[in-house]
Each structure stands twice: as C-alpha cells, then as structure tokens.
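User: Hello! I am new to this structure and would like to learn how its descriptions are justified. Could you take me through it?

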Amino acid sequence: MSGVRVEVASPAGVKLAVATLAAGGLVVLPTETVYGLGADARSELAVARIFQVKGRPADHPVIVHVLGAGDLDAWAQEVPDYARALADRFWPGPLTLVLKRKASVGEIAAGGAPTIALRSPSHLVARAVIEQLGSGVAAPSANRFGRVSPTTAQHAIDELGDVLLATDLVLDGGECSIGVESTIVDCTGSQPIVLRPGGVTESDISHIVSLAVQGISDADLEVRAPGTLAAHYAPTARVLLAEPVEADAVINAAPSGEVGLLCLVDFEPTSERFVHRLVAPGNVDEYAQDLYAALRRADQLGLVAVVAVLPPAEGIGVAVRDRLQRAATGSA
Ligand code: TXA
Ligand code: MG
C-alpha cells in the first residue's frame, strides 16, 4: 500500500510541493501533456532518485522544466537563433528543445550528455511550482520505465505509489489537457530536427523555421534521444494497429479472448466479433487526450488485445500514431 501524500493542486498544495522539492523530495505534478515526476534540478541526489524510482537507466536524460525563454541561457551554452524563435513562439507549451548544455549545470538530469532538454510547461500548477521553487524542475513522465505515461494523478499513483516515500508528494491537478508528451526538437545543429512528435506539429515548426528535411533513422534516434525508441508506452494487452480499411480483418484475426477497440467515434466495425469500445473520441485532439487512459483501462479489464484504429496523420494525430506504433512494438 502506498504511503505517499496526495494533495489537490490548490495554493496550499503548491506550497507543500515547493517545500517537498526544496527538501530534496520528489513531486508528481500535472502538466498540460502528461504528469511528471519532478525533482529540484539543482539537487543531484533528488534527480538521481528519479532514475531509481522509475527504474530508468542513468543514461536516459530527463527534461528540465523552466518558466520561459528567459531561462535558456542559464542552462544552455549555445542557443541558435532558430531555437530562440521556437521558444518565443511555442513556450509555454508542449515543446521541448534539446540544446548544448552549460558544463556547470544539469549533468545528472542530462544523463551525462553534453546536451540538455528544456521545456516551459503552460499548466498553471507546474508554472507556480517552478516559479516558487526558483529553479528548474527535472521531470520525466511519472510512470515506470517503458510503460504508459500518466494523464491523471491516480494513474501516477498506480504506477509509482509503492515506490514513492512518505516524504514525497503527489499533486492532483485533474486530467491533462493534451494527453501525449511534448514534441522534442534537437536544436544542436544548424537546423532543427524533430526527435519525438507531439502537440507542436512539424508544420507549426516550419512556419517559424525551416526543418532539416532528412528524417532520422531509429539507430540515430536512439543516440540522440535515448528512450524514445520502440518498446515504450506499452500496456500488458497486445496492441494491434489498423488503418480504418483493414480494421475488421485485424479484429477478426486478433487472439482469442476479450478484445478492446480504440478508434474515432465515427468508425463502426462491421466484424461480428464482440469488442469493448474503450473510448469514443470525436477528433484527433480527443484521441490524444484519451489514449493512455484507454490503454490502462484495457489492462484493468484484463483484455488480451486492443485493436487501435489509427487516426489520420494530421495535427496531433502524428503523435498518436507514433505512440501507438511504439505501444504495438512494446507489446508484441
Ligand atoms: O511532455 C513531456 O515532455 C513530459 C512532461 C512531464 O513534460 N515529459 C516527458 O519526459 O515525456 P520523458 O522523460 O518521459 O521523456 C523525455 C524524452 C526522453 O525520451 C529523452 O530521451 C529525451 O526526452 N531527452 C531528454 N533529455 C535529452 C537530451 N539531452 N537529449 C536528447 N533527448 C533528451
Ligand atoms: Mg516517458
């Protein structure tokens, strides 16, 4: 049973979170994308505990959350003009910038890498915590390594409740509005490279700056953003992917047992086989918001498989497809 404290994200809750972080504790806190497992980024011991609690390899770097573009130079040694333009346009929001790191800061958060990932969240609770702490908050998603990210405080408690201490804290700020993790953009070269799709799309970015056209290979991605690859975001149920036209065939071919269906509300399967409709999002934004809760629900129901009918690759649909592909790889 978990002994971790849970507080609503009221002004008093935020104060307690700040005191917890300042004392070297960990705080699960809401952001607009997913819940993070936060530590004071200045505290090597607290940041090291994030890795221990998540079961995350020490060389998988974590994002440092800051208030805004004014903090770039405190963490980064070199900030190209295009990176500043991206921060000016999309911060606060679901965009993480990877920059060359100042040697004197963030070594543990960066997993020893010469770079640092920075994000300015828009969630008011996360912002209040960062502002009152007066430091960056190092925070990966608040799930065990390789598992589905939490979009409610209860999900984070289900993931980490038994490994957090009574001196740590969970701040409950309700459901996350975006539902999938931030877009990560590598800004260490002459042009930006998208390492992970998210709420800020490639087309949003290319309105501001030109993107490096060349896509990156999986091997290169694993080097540039350890932990973004394959076998991630996986529930226990097998995840089977389908474009709408092939969905009935995939449902019919799914392993025997109870099967869940994840699809937009207007998709109607014609297969005779019974499926649990896990969510019925009306558009890609709702699909992103509901995605991880639906995968968790599949496990709670003990389903053998989930047939995920992929949304169109538009807007945040690109990120939903990416996460589903990784969930399918991880559960195969
Ligand atoms: O929306 C988000 O980004 C959420 C919320 C809590 O802010 N955070 C999140 O953190 O998704 P995490 O640790 O689950 O994923 C961060 C990703 C990892 O895949 C890691 O490889 C990449 O960011 N990353 C972190 N620091 C990096 C660096 N210095 N260079 C390249 N990639 C980095
Ligand atoms: Mg994560």
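Analyst: Gladly! A salt bridge is a side-chain nitrogen of Lys or Arg within 4 Å of a carboxyl oxygen of Asp or Glu. By that rule, 2 salt bridges are found across the interface of domain 1 and domain 2. This is a predicted model, where local features need pLDDT of at least 70, side-chain atom pairs count only at pLDDT 80 or more, and totals for chains, interfaces and linings use all residues. Residues are numbered from 1 along each chain as its sequence is written, chains are lettered from A and ligands numbered from 1 in the order in which they are written, and side-chain values use heavy atoms, with hydrogens and water left out.

User: What makes the pair Glu159 and Arg296 a salt bridge?

Analyst: The closest N and O atoms of Glu159 and Arg296 are 3.2 Å apart. The limit is 4 Å, so the pair qualifies.

User: Why is Arg296 called buried?

Analyst: Buried means under 20% relative accessible area, exposed over 50%, and partly exposed in between (1.4 Å probe, protein chains only). Arg296 has 9% relative accessibility, so it counts as buried. Arg296 is in helix H10; helices (H or I, at least four residues) and strands (E, at least two) are DSSP runs, numbered from the N terminus. Among the residues that Arg296 touches (heavy atoms within 4.5 Å) are Val148, His155 and Glu159, leaving out those up to four places away in sequence.

User: Why is helix H6 described as largely enclosed by the rest of the structure?

Analyst: In H6 (residues 153-160), 6 of the 8 residues are buried, so the description fits. They are Ala153, His155, Ala156, Ile157, Glu159 and Leu160. Their cover includes strand E1 (5-8), helix H2 (44-54) and H10 (284-300).

User: How do you know where domain 1 and domain 2 begin and end?

Analyst: The bounds come from an automatic or database domain assignment, which gives 5-220 for domain 1 and 238-331 for domain 2. Their contact takes 22 residues from domain 1 and 17 residues from domain 2.

User: What is the area buried between domain 1 and domain 2?

Analyst: Buried area is the accessible area (1.4 Å probe) that two parts lose on being put together, summed over both. Here that comes to about 1400 Å², with carbon and sulfur atoms giving 55%. On the domain 1 side, Val148, Val180 and Pro197 lose the most area to domain 2, together 36% of what that side buries.
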